[in-house]
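Let's take a friendly walk through this structure together. Have the viewer open and follow along from one part to another.

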Amino acid sequence: MKISIRMRTLTKTAALTLFASSACAQFSPTVWNFDNAAASRASASGPGVLTFRGSTGTLMQAGTASSFGLPLPPGGNTGVVFIPTLTSAQGLNLNHGGTPNGTSVASGWLGNYTLVIDVLVPGATFARPRSLLNTSTSNENNGDLFIYASGATGPDASPRGQIQPDRWHRLAFSIGAADGEGKAETYIDGVFVGGHGGTGQDVISAGRYAMYAYPDAQPDAVLFGDNNSETGPIYVASMMFIDRRLLASDIAALGGVSAAGVATPGPAPVVPTGTARRVGIIAHRGDSGIAPENSLAAVEVAIRQGVEAVEMDVRLSSDGQVVLMHDSSLDRTTACAGSTSSFTAAQLGACDNGTWFDPVRFGNQRVPRLADALKLFKGTGVTPYLDVKSPGMGPGIAAALAEAGLSVRDVWLWAYNRSQVTEFNATFTNVPPKIVVGEQPSTVAAFNELRGLNVVGLDIGGWWSGGTASYGDFVRTNGLWLSTYTAVSPDQILQSIARGVDKMETDYVGLQNRLMTPLCAADVAGRGLTLQPDGELTADDVIVFINWFSSANIRADIAGPGGAPVFDREFTADDIVLFINRFTTGCS
């Protein structure tokens, strides 16, 4: 039995009632259905307001899919507006009605938001870029979300996926703008097609992607606007703006286009079976695409999805305890401010590190000690991978391991340089550590030297763009493994696998799982499970799963590829179905 989302045949009014009852109701979603030709800018619900910029009102046409001679979306005829090619003086002004959030609260900006839009791009003009959103209220800058001539869509300069001409598509863009390492995700018809930003990439910056959050009628952004007229004809059936980041499971539930409007689930997402060689998944800062980075929630979700390892950034508190934190400053990912090293572990433990990501789902998260994070790994077969951010942390790491009841052999330690390699070996003298470096040795002698220093693997950034499969073979021949970081798009994941990696750091565990060949029982044998390598999941295997997850004290429900686990804290019959779906699809 497969679990799927069936399209509901609801009126637009009923659909809005249903949507308002969800978690989204705790925010300020606005839905436009464009089913009233005389009031084409009027919202069906929510505080958002659209106004015409310049002469746009004389150009925009309202009708229905049939009156425009368009294919009907699933569910039948629906209201549609036609937006032609616009100049920089034109567009739809958006006043979203939301309040400052994310990492931009102090600036009075809206940093977290999602735009979902049902569109059809006519084939006759398909081969031109067209802006969907410009956060510059004066429309003096380049647009920020685009559909490109190739059909790829998403933030400017990093589009993902591909839509088709003369076909209805439901596009969704989830934005988490932040200076330094903002992130965004793009979805087509409910399917996650890739992330943007992340490690060391300031492409989803607050300065560009955060919106104003004016308490008055002044526009907060411009829809379909661009400074140099990179616009084009487009049909829009429905649109939703919400002042929060929707996650993969939220958007998958919306599916594809429905004639009842964007708030109504359309056809269930069609997710093809992956074909790429399976490699180890390293959850970067936990499953940081669906939970706040370096939080216990992100770590736990990653473990529950059966990853090989979870990478966590660690720093010292002022009282010498090791905590999970990437930045030297608390400002980006917590409600506190200042240097991480100037707070005690207890003080950090009171710092909210989840509200910036999603206050409803993760407002209870606090900056965790490493010892508490390590306790989640006991009995799971998943490896903690520590990105040690500064020198002198060896004793603190040793103390955290001891408190959690783990050995240094249970973890990997990332070393930025040879000084850290020396430090790790000097700290852990009784049991040799497992060290990972970013070097690319070119000789057998160099590999021998690294193995002599207790190096077990190489983790090299951006392998998808410059690595080779032959070097991967060379690494394995010389007794080490090869990994890369941090893959956020299908292309990056697939190219890295083709270029010979053994493992990969990703912000999106579900995406990497989806792109690889299905995980069968044979793939997890030996990972602390007593499964037989028969290539399929049996009733006995399900019992083993139940016993394993129960004894490991893990919340034992795993969603399907691309989905998010549900925090229900108990194992149910539905969870068994999810296990069977996940582990047997495509097995022979």
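In this predicted model, L50 stands opposite L94, a residue of β5. The two strands concerned, β2 and β5 (residues 91-95), pair in the antiparallel sense over 5 bridges. Zoom out a little and you will find them in an open sheet of 6 strands, ordered β2-β5-β15-β8-β9-β10, with antiparallel pairing. At its edges sit β2 (49-53) and β10 (153-155), each of which pairs on one side only. If you ignore direction, neighbouring strands of this sheet are turned by 30 degrees against each other on average.

Now move along to helix α5, residues 296-304. Here 8 of the 9 residues are buried, so the helix is largely enclosed by the rest of the structure. To see this in your viewer, colour the buried residues: A297, A298, V299, E300, V301, A302, I303 and R304. Charged side chains are on that list too, with E300 and R304 both among the buried residues. After α5 comes G306, which has a positive phi, near 75 degrees.

Our last stop is empty space. The second largest pocket holds about 610 Å³. Which elements give two or more residues to its lining? They are β13 (191-197), α14 (490-498) and α15 (509-515). The lining of this pocket comprises 29 residues, and Q162, I188, V191, V193 and V270 lie nearest the centre. What does the lining have by class? It has 15 nonpolar, 9 polar and 5 charged residues.

Methods:
Residues numbered from 1 in each chain as written. Predicted model: local features only at pLDDT ≥ 70, side-chain atom pairs only at ≥ 80, totals over all residues. Heavy atoms only, no water. 1 Å grid on protein atoms, 1.4 Å probe; cavity = no way out; pocket = protein on both sides within 12 Å on 5 of 7 lines; lining within 4 Å. Points joined across faces, edges and corners; volume = space filled by probe spheres on them. Helix = DSSP H or I, 4+ residues; strand = E, 2+ residues; numbered from the N terminus. Buried < 20%, exposed > 50% of the residue type's maximum accessible area, 1.4 Å probe, protein only. Pairing = 2+ DSSP bridges. Axes fitted to C-alpha atoms, helices over the stretch in contact; angles between N-to-C directions.
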